[in-house]
Structure formats: structure tokens, C-alpha cells
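Work through the exercises below with the model open beside the text. Each task is followed by a solution in steps.

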Amino acid sequence: MALESNERPNKPIAKFESMLKTDDIYFFDAEDFEDIIHHYLNNGKISLAKKAIKISLKQHPDSIELKLLNVEVMVFENNFESAEKLLDKLQLLDSSNEEIYIQRANILSKKDNHEGAIKLLNKALELSNDSFDIHSLLGMEYLFMDDFKKAKDSFMQCVSFDEQDYSSLYNVIYCFEFLEDYEGAILYLNDYLDRNPYCEVAWHQLGKQYYSEKMYKEALSAFDFAIISDDNFIGAYFEKGKVLEKLGRYPEAIENYETTIKIEDPTSHAFLRIGKCYEKIGNYDMAKYYYYQTVHEDPLLDKGWLAITNFYFQRKNFKKALYYINKALNIDEKSPTYWKKCAQINVELKNYDQADFAYRQAVDLGNYELETWLNWSNISILNKDYASALQILAQGKQFYPDSAEINYKIPGLYLLSRDTINARISLIDALKDNFEAFSIFKREYPQYSETLWTQEIVNSIQKKS
């Protein structure tokens, strides 16, 4: 037997949860059920939402809105066939209900048919009196299709409906950034701030755009306004610290990073930035202290271990540097940056086999910098393994075919290998490609640069040119 509403708590959610604890059945209006179901869906409590839907449809079997909520759960659980069958029935009852098209669009979106989803959402838009949510869904579909311009326009519509919709505001700026239209983002945010001068979120985003454009003074002002709007805005203090670093105002940057620590629990990223600031001003004891605080706060932050590595590397304490780069590699062994640093340290320690291995790992993981190929080949040269050095440079030449450093290094290696035929061919090619860079050959191979053999080749190319 259903109890009257005045016999139980008035709030629908409290009333519904009270009912679940007993064997009683309470009566709810259809709108109350909608509120209850939305509450559970918004909080990710799907099982409770399904219970509410089941009970609601018993009490209101003809409610299209409740049936559409049932469809929403089916779509969420990827039960597309049942959802589409129910939508077909509902469309016969109410063909002008925009929610039917929205749910069909959700199904197509989950099937990666984003163009089809967009068509259905546009149809829903024609039928809707309240298009805010539809524009948001359209924006997401355009993002799935990498159409950032249309996505931006859709999210702008959301912001125009509700200027407190910060999620859409973030998405607008994300689209501007992806389109690399930083000037457009700055104009948009300034226009928004003319209407909402105390919006800390917009000031924060504006500061980040100025920072991207290296307009550091403007960025500083924007972050100051964000802090004025909300003096507990941690992100604004942190970003302001980064700007102050760029301006060389390290003590002020430290103050801002320390403020973030005072407002909330310390973060490893704040400790890391403070350490770098102290190192810049030459307070190495404090720099070291904060670097160690960084890894103490988050032992898995490999950037912290790298900072300590670089700290000791710069002070030529290579044994300690090697110890800490290995710590970083234990956390992220797929980092080409860490393997490259490991190679550099091993070179300083004259551990050439380990250096060779480290450079190989760096290249295998995608570090194709010119410096890497040159330094790796030098390891083989130090080991008098000229064939390996030539092989390394041949790989590097695929990425840098016009590199004078590579092109002049190769003939010298052929000479070291006593292969004068290939030495002659490669030296002629290097001279033809960049005659002015012959100084590289002189620097790398002074023992060969002044020989009669070399001078004849140089003079011959010079005459022809």
C-alpha cells in the first residue's frame, strides 16, 4: 500500500532511501522520480538509479520522461538494441521530443558514428526550447572529430547561455589553444572579463595565454587579478611563480610557490620549482634541500630525481649523478631523456660500454637529436670501433642528410679505417654540399686536414666551384 507524502520526509531522495530500508511503498510524483534518478545518475550510482526507474515505471507506466531515463541507463550500459527498440516506441508516441534524438545521438556516438550523432543533435536543436545541453553535446562530438573550430563555436554557445559554465569555458580555451589561436583566446577572455570582472577562472586562463605568448608582464597582471578575485586560488599562485621565474624574480617566485604550500598540503611540483629557484640564485644548499623534499613527497616523480641528477652533474659529482639517474630510470625506463643523460654521465666516468648502451636505448625510444647521433658515434670512436661509428652516423644521416657535422665526420672515420676510396668519395660529397664547413673536418681530424691527399681534393672542388 502506498503511503501519503505527509507520512514520510518531504525531500524525495531522503524519502526514497527511507523507503528502500523498509518493505513499505511510498508514492512519488513523476517529477520527483525524475529528480531522484537524475541525482543518482549524476553521482554515478547506477544501481540505485535503476531501482528508482523500475519503481517509477510501476507507479507511472505512461511517463515518457521516465522511459527516456531508462533509455539513458541502457545507453550508458551499452545495451543499444534494447534502447533503440524503446526509442522506436517512444517516437511513435511523441515524435517531437528532442530527448529521443539526443539518446539516439548518444548511441551513434558510442558507435563512433559522430557525423550521424551531429545530424541527430541538430534535429534535437530544432525541437528544443532549452538548447544549452545540446550545444555541449555537439561540442563534444566535434572534438571527437577533431573539428576544433566548430567545437569552439558550440562551447561558446554554452557560455553565452550560462557564463558560470566553467567547463564549457575551459573547452573554448582548449579549442583556441589547439588551433594555436592564442590571440583569439586572449580577445575572447578579455571580452568575457569585461562582463565578469571578478571571475578568477577567466583571469587564470588569460594569464596562461599571455604566458604562452611570452607576454610575461601581462600574464603577471592577469594572475594578480585571479588572486584578488580568490586569494586561495592555488593555481594562480603557482602560475604566477612560473612567470616570476621567467622574469628572473626568483625570491618572489619562491614566495608564491610557498603560498601554495601554506594554502593546501605541499606538492612535489611546488618543492621542485622552489628548488630550481634557489639553484638559480646560487643558494645550492636550499636547492638541494627542496629537491630532496620533492622526491620525499612523491618518490615516483621522476622529474625530481632528474633535478637531483642534474644538480650533481653540474657540480661534476658524476658518481652521485649516476646513482640518481638510475633512480629516475627505475621509475620510467621508457624515457629517452633519462637514457641520454645516463649516457652523458657514463661518458664522464669513462664507462664507454654503458654509455654506448644508454645511447642505443635513447635512440630506440625515439631520441633522434643530432647531438645524440654525434655523441653516440664518439663513443665508438673512443672504443676504436670505427665500423660502428660509421653505422651510427649512417642512421643519423637519414634524419639529418644536410648535417655538415655528420658529413665531415664520415670521411675522417673512413680514413681511420684505412678505407681511402670511401673517404675520398664522402669528403668530395661533404665539400660539394657545404664547402665553408670544411673547418669541421680540420677540427675533428687535424692529422688528415693538412695532408697532400686532402689538399688536392679541397683544391679540386674549390676550382670547380
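**Exercise 1.** Determine whether Glu-371 is buried, exposed or partly exposed, and describe its salt bridge.

Solution. Step 1: the relative accessible area of Glu-371 is 38%, so the residue is partly exposed (buried is under 20%, exposed over 50%, partly exposed in between, with a 1.4 Å probe and protein chains only). The model is a predicted one, in which local features need pLDDT of at least 70, side-chain atom pairs count only at pLDDT 80 or more, and totals for chains, interfaces and linings use all residues. Residues are numbered from 1 along each chain as its sequence is written, and side-chain values use heavy atoms, with hydrogens and water left out.

Step 2: Glu-371 pairs with Lys-340 in a salt bridge, at 2.8 Å from N to O (a salt bridge is a side-chain nitrogen of Lys or Arg within 4 Å of a carboxyl oxygen of Asp or Glu).

Step 3: Lys-340 belongs to helix 20 (residues 336-348) and Glu-371 to helix 22, and the two, 31 residues apart, link distant parts of the chain. Helices here are DSSP runs of H or I with at least four residues, numbered from the N terminus. Lys-340 has 12% relative accessibility and therefore counts as buried.

**Exercise 2.** Which residues do salt bridges with shared partners join into one network, and how many salt bridges are counted?

Solution. Step 1: the network consists of Glu-163, Asp-191 and Arg-195. Step 2: the count is 16 salt bridges.

**Exercise 3.** Compare the settings of the salt bridges of Lys-111 and Arg-315.

Solution. Step 1: Lys-111 bridges to Glu-84, with the closest N and O atoms 3.7 Å apart. Lys-111 sits in the loop between helix 6 and helix 7 and Glu-84 in helix 5 (residues 80-93), so this pair ties together parts 27 residues apart in sequence. Lys-111 is partly exposed at 44% relative accessibility, and Glu-84 is partly exposed at 27%.

Step 2: in the bridge between Arg-315 and Glu-279, the closest N and O atoms are 3.5 Å apart. Arg-315 is in the loop between helix 18 and helix 19, while Glu-279 is in helix 16 (residues 268-280), 36 residues apart. Arg-315 is partly exposed, at 32% relative accessibility, whereas Glu-279 is buried, at 17%.

**Exercise 4.** Where are Lys-316 and Lys-384, and what is the sign of phi in each?

Solution. Step 1: Lys-316 is in the loop between helix 18 (302-314) and helix 19 (318-331). Phi of Lys-316 is positive, about 60 degrees, although the residue is not a glycine. Step 2: Lys-384 is in the loop between helix 22 (370-382) and helix 23, and its phi is also positive, near 60 degrees. Step 3: most residues other than glycine have a negative phi. Step 4: Lys-316 is exposed at 64% relative accessible area, and Lys-384 is exposed at 63%.

**Exercise 5.** Describe the largest pocket by its volume, lining elements and residue classes.

Solution. Step 1: the volume is about 950 Å³. A pocket is an open set of points on a 1 Å grid over the protein atoms alone, where a 1.4 Å probe fits, with protein on both sides within 12 Å along at least five of seven lines; lining residues have an atom within 4 Å of a point. The volume is the space filled by probe spheres set on the points, which are joined across faces, edges and corners.

Step 2: the lining has 30 residues, and the closest to the centre are Glu-72, Glu-99, Ile-102, Gln-103 and Asn-106. Step 3: the elements that give two or more residues are helix 2 (30-42), helix 4 (64-76), helix 6 (98-110) and helix 8 (132-144). Helix 8 gives the most, eight residues.

Step 4: by class, the lining has 13 nonpolar, eight polar and nine charged residues. Ala, Val, Leu, Ile, Met, Phe, Trp, Tyr, Cys and Pro count as nonpolar, Asp, Glu, Lys and Arg as charged, and the others, Gly among them, as polar.

**Exercise 6.** Describe the second largest pocket in the terms of volume and lining.

Solution. Step 1: the second largest pocket holds about 200 Å³ of space. Step 2: 13 residues line this pocket, with Lys-397, Asn-407, Ile-410, Ser-426 and Asp-429 nearest its centre. Step 3: helix 25 gives the largest share of the lining, six residues.
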